[in-house]
Protein chains: 2
Amino acid sequence: MKNKELRKVGLKVTIPRIKILGILESNPNLHLTAEEVYRALLESGEDIGLATVYRVLTQFETAGLVKRHNFEGGSAVFELDDGAHHDHIVCLECGHVEEFVDDVIENRQKAIADQHGYKITDHSLIIYGSCSRHECPHRNEEG
Amino acid sequence: MKNKELRKVGLKVTIPRIKILGILESNPNLHLTAEEVYRALLESGEDIGLATVYRVLTQFETAGLVKRHNFEGGSAVFELDDGAHHDHIVCLECGHVEEFVDDVIENRQKAIADQHGYKITDHSLIIYGSCSRHECPHRNEEG
DNA sequence: ATGTATGCAAAACATTTGCACCTGG
DNA sequence: CCAGGTGCAAATGTTTTGCATACAT
C-alpha cells in the first residue's frame, strides 16, 4: 500500500504523492523524466502541476524511495529505489535503458575508493551504446 | 604547440581556441565547468564571451580534444582528452576529483554490454564519496 | 484548526542560438 | 577577400521558488 510507504518515510499522504508513486510503480523498468511523469499524470486524468512533480520526486529521492540519474541528454530520469543497487546500460539511439549488477565491478570499486582514501557514498556506472542487435520498440518512433 | 593540435583537428587557429586550450592544459588534473574556464580567461585578461567558451568546448569535444562529464550538481565539467580513458572518483564534500583506470572493470563492462546485446559507445563510471582521510585543500573554503 | 502541500507563474540556472561585426588563411 | 569565428543579447530547456489557496491530520 502506497499510504504506508509514504507514512514510513514521514511524508503526508496526498493525492499527488500517491499518484506519482503509482506511476513509478507501474513502470518498474522505466526511467522517467519529470516531464514524462507529469504527462502520465495528465493522461490518467490527474491535474497535477509540473512543479509538484519535481517537488515530490525530489522529496522521494531524499526519502530514499526514488533514485535520480543524470544520463546524457538534458533531463534527469527517476526510477523507484527498491534498495537493490544496480547500474545502467543506455542506448544512445533510442534511449532504452537496461539494468545490471556485477559483483566483480562492485568489489573493485570498493577497493579503488579505499586505495584513494575515499569513503564511498554512492557510485554511478553508465554504459552507453547502441542496442541495434535487439529489436528496440522505440526504433520506429523516429520516422 | 597548440596551433598544431588545432590544425590537426581542422579548426581555425583563433585566440579564444588557443587560450581555452591553454587553460585546460595548465590545469591537467582539474575538471572545469564552462563558467570556470570563462573566469580563468577573464583573469588572464582575455575578453572572451561565455557563449564562445561553450562553443569552443563543444567543438573540442567533437574533435576529441576534450571530454565532457556530467557529475552531480548542475554544470558539466570539461577536461583535456589525452586519449587515455579513465574514470573518476569525486568527493561530494569538496568537489575534489581523482582519476583511475581499472582493467578488471573495463573488461567486465565489455562483457556486460555484450551479454545485453549492446555495442559500447562509451561509458561513465563515477564513484562518489568523501575524501576525509586525506587533507583536502578545499576543506577550508567553507567557513 | 493549522501547518504543510499544491498550482500557477515567475525566477533561476545552464546552455544554445541569431545576428552584426571581426579575423585568420 | 571570404568563410568562418566571435561577442552580445535574447531564446531555450530544465528545474526551483514565491505566494495565495486547498488539503491532510
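Strand 6 (residues 119-130) of chain A and strand 6 (residues 119-130) of chain B are joined by eleven bridges. The two strands run antiparallel. L125(A) has L125(B) as its bridge partner in strand 6 of chain B. The model described here is predicted.

This pairing sits within an open sheet of six strands. The strand order is 5(A)-4(A)-6(A)-6(B)-4(B)-5(B). Pairing in the sheet is mixed. Strand 5 (97-100) of chain A and strand 5 (97-100) of chain B stand at the edges. Each has a single partner strand, so one side of each is left without a neighbour in the sheet. On average, neighbouring strands of this sheet are turned by 20° against each other, direction ignored.

Helices from both chains pack on the six-stranded sheet. Helix 5 (residues 103-115) of chain A lies across strand 4 (87-91) and strand 6 of chain A. Helix 5 of chain A also lies across strand 4 (87-91), strand 5 and strand 6 of chain B. The helix runs at about 130° to strand 6 of chain A. Helix 5 (residues 103-115) of chain B touches strand 4, strand 5 and strand 6 of chain A. In chain B, helix 5 of chain B touches strand 4 and strand 6. Its direction makes about 130° with that of strand 6 of chain B.

A further sheet is found in chain A. Three strands form this open sheet in the order 1-3-2, with antiparallel pairing. Strand 1 (32-33) and strand 2 (66-69) of chain A are the edge strands, and each pairs on one side only. Two bridges join strand 1 of chain A to strand 3 (residues 77-80) of chain A. Within strand 3 of chain A, F78(A) stands opposite L32(A). Helix 2 of chain A packs on the sheet and touches strand 1, strand 2 and strand 3 of chain A. The direction of helix 2 of chain A makes about 85° with that of strand 3 of chain A. Helix 4 of chain A lies across strand 2 and strand 3 of chain A. It runs at about 110° to strand 2 of chain A.

In chain B, two bridges join strand 1 (residues 32-33) to strand 3 (residues 77-80), and these strands run antiparallel. T33(B) has V77(B) as its bridge partner in strand 3 of chain B. Four bridges join strand 2 (residues 66-69) of chain B to strand 3 of chain B, again antiparallel. R68(B) has F78(B) as its bridge partner in strand 3 of chain B.

Chain B also shows a helix pair. The axes of helix 2 (residues 15-25) and helix 3 (residues 34-43) of chain B come within 10 Å and cross at roughly 105°. Helix 2 of chain B is therefore roughly perpendicular to helix 3 of chain B. From helix 2 of chain B, the contact involves K19(B), I20(B), I23(B) and L24(B). From helix 3 of chain B, it involves V37(B), A40(B) and L41(B). By class, the contact has six nonpolar residues, no polar residue and one charged residue.

Two DNA strands lie against the protein. DNA strand C is surrounded by 20 residues. The closest are T14(A), D47(A), T52(A), R55(A) and Y54(B). Sugar and phosphate account for 74% of the atoms of DNA strand C that come within 4 Å of the protein. A polar side-chain atom of T14(A) lies 2.9 Å from a phosphate oxygen of DNA strand C. For S75(B), the corresponding distance to a phosphate oxygen is 3.5 Å. An N or O atom in the side chain of K12(A) is 3.3 Å from a sugar or linking oxygen of DNA strand C. Helix 2 (15-25) and helix 4 (50-63) of chain A and helix 4 (50-63) of chain B each supply at least two residues of the surface near DNA strand C. This surface has eight nonpolar, five polar and seven charged residues.

DNA strand D is surrounded by 21 residues. The closest are Y54(A), T14(B), D47(B), T52(B) and R55(B). Of the atoms of DNA strand D within 4 Å of the protein, 73% belong to sugar or phosphate, and the rest to bases. Phosphate oxygens of DNA strand D lie 2.3 Å from a side-chain N or O atom of Y54(A), 2.6 Å from one of T14(B) and 2.8 Å from a polar side-chain atom of R17(B). Helix 4 of chain A, with helix 2 and helix 4 of chain B, are the elements giving two or more residues to the surface near DNA strand D. The largest share, five residues, comes from helix 4 of chain A. Nine nonpolar, five polar and seven charged residues make up the surface near DNA strand D.

How values were computed: Residues numbered from 1 in each chain as written. Chains lettered and ligands numbered in written order. Predicted model: local features only at pLDDT ≥ 70, side-chain atom pairs only at ≥ 80, totals over all residues. Heavy atoms only, no water. Near = heavy atom within 4 Å. Polar contact = N/O pair within 3.5 Å; in protein donor to acceptor, adjacent residues only side chain to side chain. Nonpolar A, V, L, I, M, F, W, Y, C, P; charged D, E, K, R; others polar. Pairing = 2+ DSSP bridges. Contact = heavy atoms within 4.5 Å. Axes fitted to C-alpha atoms, helices over the stretch in contact; angles between N-to-C directions. Parallel < 35°, antiparallel > 145°, perpendicular 65-115°, else oblique.
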